[in-house]
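Trainee: I would like a close look at one loop position in this protein and at the helices that surround the topic. Could you take me through it slowly, and then carry on to the other parts that help to place it?

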Amino acid sequence: MNCIVGVDVGTTNVKALAMPLDLSKIVAHASAPVTTLNPEPGYAEQDPSEIWTAFEQVMSEVCREAKKKKYTITHVAFCTAMHSLLPMDVTGSPMGNAILWSDNRAEAEATALRTTQADLGKAIYKETGTPLHPMIPLCKLAWMRENDPRLLRRTAHFGSIKEFLWHKLTGEFEVDFSIATATGLFNESKREWSEKAMEYAGVRSDQLSVPVPTTYQRAYQPTPETKKIGLDKDVSLVIGASDGCLANLGAGAIKPRTATLTIGTSGAIRQTVRKPLRDEEGRLFCYYLDEGYYVVGGPTNNGGNVLEWVTEKLTQQSTKTVLKEAGTIPPGSDGLVFLPYLQGERAPLWDASVRGAYLHVDWQHTQAHFARASLEGVLFNLLSINELLTRQTDSARVIHANGGFAQSTLWVQMLADMAGIPVRLNESNESGSMGAMLLTLKAIGDVKTLDEAAERVAFGDTFQPDVERNKSYRKAFTQWEDDLKKIKNL
C-alpha cells in the first residue's frame with residue numbers, strides 16, 4: 001500500500017503526517033521542537049542544524065512507522081513558515097542562523113519604505129503583494145546592506161528554511177511561487193524576481209533560488225548525510241507552499257465566502273480568491289497558492305503567545321486554570337479592554353514598535369477579567385483585519401478555525417459569538433501537513449483542481465453563534481476599535 005507525507009516546518013515544531021492517497025486515516029505522525037534564539041532585543045533566529053536534526057527525527061520516525069504498517073512512501077510534500085532568510089555558501093551550507101519572520105531588526109528599513117521612500121515601497125507592494133514590514137526578507141536584506149555589507153557580498157545564496165532543506169534533499173536551489181511571494185522580492189504577475197526589489201535590497205538574481213510552481217516535483221537524491229531519514233531513493237519530493245496558504249487548503253477553505261482563522265503562536269485570517277488582490281494602503285498580503293488560487297489576508301504577531309504570557313507572567317497559573325477563570329466572566333469583560341500588541345504588530349497596524357495595553361481598568365476587575373479581556377483582544381484584532389479583508393472580498397459566511405487555540409472550546413465559541421457566523425473545526429488540527437498532501441494529489445493528477453482536493457477534508461464540531469452574546473460583542477468591538485484609534489493618534 002502506498003502513502004504520502006506532508007511535512008510542516010513551523011516556528012516551534014517540525015511535524016510530519018503520513019496518510020494513504022484517499023486521506024482516510026493516519027498512517028504515521030511525528031513531531032519535534034525547535035528553539036528560537038534571541039541574541040539581542042528584537043532579534044529572532046534559529047539554528048539551521050537544529051531544524052535539520054528535527055526534520056531528520058520526524059521523517060525517520062514516520063518512515064519506520066509506515067514500513068511497520070506495510071506502507072510505502074511515494075511522495076513527500078513541504079509546508080513551511082514564511083519570511084525566513086538564511087545566508088548560504090555555494091554548497092548550501094549555512095553562513096549563520098536563519099532570521100525568522102518575528103525578527104524586528106529591519107524596523108528602520110521597513111519604516112523608510114512606508115515614509116521617506118514611500119513611492120518605491122508602493123511600487124514594490126504592487127508588484128509583490130507583500131506588506132512592508134521588518135518580517136520580510138526584502139527588509140532584512142536592506143538591513144544587512146547597511147549593517148553587515150561584508151556578509152551580503154560574501155553570501156553565494158540567500159534562501160528560506162525550505163530552500164535549505166530542499167537543497168539538502170535534491171542538490172538544487174529552488175523555491176516555490178508561494179514562499180517567493182512572501183519575500184517582498186518576487187514579481188507575482190511575471191513569476192520572476194523583481195528588479196526594483198533586488199536593486200533596493202542589494203542582491204542579484206543569481207543569489208536567489210529558481211522560482212517554480214507549488215506542484216513542482218523533483219526526485220530525492222540520497223547522500224551520506226541524509227541516509228538517517230530512511231526514505232527510499234525513488235521517493236518523489238513535492239516542493240509545496242507556505243504555511244498560511246496550505247492552512248487554507250488543509251482547512252478546506254477554498255470556496256468564496258469561506259474564511260480561515262488560525263491562531264498558533266501568532267495568528268492570521270485569510271480567504272482564498274481566484275485572482276491577485278491589492279489593498280490600496282498595503283495592509284493585506286496576497287500570496288500564490290496554485291494557478292488561479294491566491295490567499296489574501298492579514299497576519300498578527302499576537303495570538304497564542306498572548307495566552308502564554310497571561311499564564312506564565314501575568315497570572316502564573318496553568319493554561320487550564322486561566323481558561324476556566326476567563327469562562328466565568330461575561331462577554332466584553334465588564335468594560336475591560338486589551339490591545340494585544342505584546343510583540344509589535346503586523347496587520348492591521350504594520351508597526352513593529354507598537355505595544356499592548358489594558359484600558360478602562362477599575363476596582364471591579366479581577367484576574368479572571370484580565371484573562372478574558374486578553375483572549376477577547378486577540379480575536380478583536382483578528383476581526384479588525386477581517387474588516388479590511390471584506391472590503392476586498394465578499395464577507396464570510398463561515399469561518400474554518402485551526403491552530404492551537406482550536407483546542408479551547410471557550411475561545412472558539414467566543415469567536416463564533418463575536419463574528420456572528422458559524423465556526424467549523426477540522427477533524428485534524430494538522431492543516432499545514434494536510435494542505436501539503438492535498439497539493440500533492442493535484443501534483444500527481446489524483447485530482448484536477450484544488451476545489452476537488454478540498455472535498456477530501458474531514459470536519460469536526462461546528463460552533464454556532466449566540467444571538468445575545470453577539471449583540472454584547474458588537475458593542476464591545478466598537479469600544480475596542482475606538483480605543484485603538486485613540487492610541488494610534490497619541
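Mentor: In this predicted model, D466 sits in the loop that runs between strand β23 (459-463) and helix α16. With a relative accessibility of 27%, D466 counts as partly exposed, because that value lies between the 20% limit for buried and the 50% limit for exposed. Leaving aside neighbours within four places in sequence, D466 is in contact with Q413 and D417. The C-alpha atoms of D466 and Q413 are separated by 8.8 Å, although the two residues are 53 places apart along the chain.

That contact leads to helix α13 (residues 409-419), in which W411, V412, M414, L415, A416, D417 and M418 are buried. D417, one of the two residues that D466 touches, is thus among the buried residues of α13. After α13 comes G420, which has a positive phi, near 75°.

W411 of this helix also has a part in the largest nonpolar core, which holds 123 residues, and in which L138, L289, F405 and W411 touch the most other members. Helix α12 (residues 367-390) gives the most to this core, with twelve residues. Apart from it lies another core, of 43 residues, with V5, V58, V62 and Y71 among them. As for L138, its contacts, not counting residues up to four places away in sequence, are L113, I124, L132, T183, G184, L185, A197, Y200 and A201.

L113, one of those contacts of L138, brings in helix α2 (residues 107-114), whose buried residues are E109, A110, A112 and L113. These residues lie on the same side of α2, because they cover an arc of only 160° around the axis. The partners against which they pack are α3 (118-128), α4 (137-147) and α8 (195-201).

Returning to the helix that follows the loop of D466, we can ask how α16 is placed against α12. The axes of α12 and α16 (residues 467-488) come within 10 Å and cross at roughly 80°, which makes α12 roughly perpendicular to α16. On the α12 side the contact is made by R372, E376, G377, F380, N381, L383, S384 and E387, and on the α16 side by Y473, A476, F477, W480 and E481. Sorted by class, this contact of α12 with α16 has six nonpolar, three polar and four charged residues.

A second crossing of helices can be set beside that one. The axes of helix α9 (residues 243-250) and helix α14 (residues 431-443) come within 7 Å and cross at roughly 80°, and α9 and α14 are therefore roughly perpendicular to each other. Here α9 contributes L246, A247, L249 and G250, while α14 contributes S431, G432, M434, G435, A436, L438 and L439. By class, the contact of α9 with α14 has seven nonpolar, four polar and no charged residues, whereas four charged residues are counted in the contact of α12 with α16.

Helix α9 also holds N248, which counts as buried at 0% relative accessibility. Not counting residues up to four places away in sequence, N248 touches A253, T260, R270, Q271, T272 and V295.

Another buried side chain to look at is H167, which is placed in helix α6 (residues 161-170) and has a relative accessible area of 13%. Beyond its neighbours up to four places away in sequence, H167 touches T91, G92, E172 and F173.

Some details of the backbone deserve care as well. Most residues other than glycine have a negative phi, and most peptide bonds are trans. S333, which is not a glycine, has a positive phi of about 55°, and D334, also not a glycine, has a positive phi of about 50°. S333 is placed in the loop between α11 (319-326) and β19, and D334 lies in the loop between α11 and β19. S333 counts as buried at 0% relative accessibility, whereas D334, at 34%, counts as partly exposed. The peptide bond from A347 to P348 is cis, with omega near 0°, and P348 lies in the loop between β19 (337-339) and β20 (357-359).

Note on methods: Residues numbered from 1 in each chain as written. Predicted model: local features only at pLDDT ≥ 70, side-chain atom pairs only at ≥ 80, totals over all residues. Heavy atoms only, no water. Buried < 20%, exposed > 50% of the residue type's maximum accessible area, 1.4 Å probe, protein only. Helix = DSSP H or I, 4+ residues; strand = E, 2+ residues; numbered from the N terminus. Arc of directions from axis to C-beta. Contact = heavy atoms within 4.5 Å. Core = buried A, V, L, I, M, F, W, Y, C linked by side-chain atoms within 4.5 Å. Axes fitted to C-alpha atoms, helices over the stretch in contact; angles between N-to-C directions. Parallel < 35°, antiparallel > 145°, perpendicular 65-115°, else oblique. Nonpolar A, V, L, I, M, F, W, Y, C, P; charged D, E, K, R; others polar.
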